[in-house]
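This report is written for someone opening the structure for the first time. It moves from the whole chain to a few chosen places in it.

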Amino acid sequence: MNVPMTLLGLLERQSSHGYDLKRDYDTYFSPGKPLLLGQVYSTLGRLARDGKVVVGPAEPGAGPDRKRYVITDQGATEVETWLTEPVETEQHLQTELFTKVVLALMLERDASAYLDLQRAAHVRRMRRLTEIKRTGPLVDKLLADHSMFRLEADLRWIDVTQARLSALAQEVLG
C-alpha cells in the first residue's frame, strides 16, 4: 500500500486534519489493520518537506490545536500521475511460498506436508473472508474479494506444485 499517495489523494478530495485522514484511510483502505497515527503525521511531515502539502494555521479544537493539511499543485500532479499508472504485477519469479517448498526439498523435509499446512491456512482465511463478504460493508466486501482471488490463485499453485513435487525434488536434489 502506498500510504503517502493515498493520503495525498484524500487531501486532493478535501483539506483535512491528520486524525480525519487516519479515519478515512482506516475506513476505506485498511479495515482491520489501522494506520498508526504517528505514521500519518510522519508521512504528512515528509509530504510537507517535499512541497506536496502545506500546513495551515493551527485551529482550536476540543483537545490540542489541530493543523489542517492542504495539497499543493505539485501534490495534485503526483496523485494524477500515480492514478494513471498501472499497478506492477509480481516482479520477481520467487515468493516465500515457493522458497519454502524448494528449501524443504533441499533439506529433505516433507514439502508435501508443508503445502498441506499452507492449503489449510488459506482455506481458514477464505472462510473468514467469506464471512466478511456476507456481512460487511461494500468496501470490506471488495477487499475480501481481492484477497480471495489471490488465495484461490495460491491454492491452484499449491495443487500444481503437489502434482509436480517428485519432479521438482529430482531437479533440486540432482
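What follows describes the overall build, then one helix, the aromatic rings and some single residues.

**The whole chain**

The coordinates belong to a predicted model, and the description below should be read with that in mind. The protein has seven helices and three strands, and, when it is read along the sequence, these elements follow the pattern α-β-α-α-β-β-α-α-α-α. For a compact globule of 174 residues one would expect a radius of gyration near 16 Å, whereas the protein has 22 Å. The box filled by its C-alpha atoms, taken along the principal axes, is roughly 65 × 35 × 30 Å.

Of the 174 residues, 30% count as buried, and the protein exposes about 11,700 Å², of which carbon and sulfur atoms supply 56%. Among the contacts between residues at least 6 apart in sequence, 54% join residues at least 24 apart. As for charge, there are 23 positive and 24 negative side chains, and the centres of these two sets lie 6 Å apart.

**Helix α2 and aspartate 24**

Which residues of α2 are buried? They are Gly18, Asp20, Leu21, Lys22, Asp24, Tyr25 and Asp26, and what covers them includes the helices α1 (3–13) and α3 (37–49) as well as the strands β1 (16–17) and β3 (66–71).

One of these residues, aspartate 24, has its place in helix α2, which spans residues 18–28. Aspartate 24 counts as buried because its relative accessible area is 8%, and the cut-off for buried is under 20%. When its neighbours within four places in sequence are left aside, aspartate 24 is in contact with Leu10, Arg13 and Phe29. Aspartate 24 and leucine 7 are 17 residues apart in sequence, and their C-alpha atoms are 9.2 Å apart in space.

**Aromatic rings**

A search of the whole structure finds three aromatic pairs. Two of them are set out here.

| Pair | Centre to centre | Angle between planes | Kind |
|---|---|---|---|
| Tyrosine 25 and phenylalanine 29 | 5.9 Å | 55 degrees | tilted |
| Phenylalanine 98 and tryptophan 157 | 6.5 Å | 65 degrees | edge-to-face |

Phenylalanine 98 lies in helix α5 (residues 96–106) and tryptophan 157 in helix α7 (residues 138–173), so this pair ties together parts that are 59 residues apart in sequence. Phenylalanine 98 is partly exposed, with a relative accessible area of 33%, and tryptophan 157 is also partly exposed, with a value of 28%.

In the tilted pair, tyrosine 25 counts as buried at 4% relative accessibility, whereas phenylalanine 29 is partly exposed at 34%. These two rings also belong to a group, since Tyr25, Tyr28 and Phe29 form one aromatic cluster. Phe29 has appeared already as a contact of aspartate 24, and Tyr25 is among the buried residues of α2.

**Histidine 122**

Is histidine 122 buried or exposed? Histidine 122, which lies in helix α6 (residues 111–135), is buried, because its relative accessible area is 9% and the limit for buried is under 20%. If residues up to four places away in sequence are not counted, histidine 122 touches Leu151, Asp154, Leu155 and Ile158.

**Glutamate 108 and valine 160**

Where is glutamate 108 placed? Glutamate 108 has its place in the loop between α5 and α6, and at 65% relative accessibility it counts as exposed. Its backbone deserves a look as well, since the phi of glutamate 108 is near 55 degrees, a positive value in a residue other than glycine.

Valine 160 is found in helix α7, and at 38% relative accessibility it counts as partly exposed. Valine 160 also offers a way to relate this helix to the region described earlier: valine 160 and tyrosine 25 are 135 residues apart in sequence, and the distance between their C-alpha atoms is 38 Å.

Key
Residues are numbered from 1 along each chain as its sequence is written. This is a predicted model: local features need pLDDT of at least 70, side-chain atom pairs count only at pLDDT 80 or more; totals for chains, interfaces and linings use all residues. Side-chain values use heavy atoms; hydrogens and water are left out. Helices (H or I, at least four residues) and strands (E, at least two) are DSSP runs, numbered from the N terminus. The radius of gyration is taken over C-alpha atoms; the globule rule is 2.2 Å times the number of residues to the power 0.38. Buried means under 20% relative accessible area, exposed over 50%, partly exposed in between (1.4 Å probe, protein chains only). Contact means heavy atoms within 4.5 Å. Accessible areas come from the Shrake-Rupley method with a 1.4 Å probe; for residues, only the protein chains shown count as cover. Lys and Arg count as positive and Asp and Glu as negative; His and the chain ends are not counted. The place of a charge is taken as NZ of Lys, CZ of Arg, CG of Asp or CD of Glu. Rings of Phe, Tyr and Trp (its six-membered ring) pair if their centres lie within 6.5 Å; planes under 30 degrees apart count as stacked, over 60 as edge-to-face and the rest as tilted.
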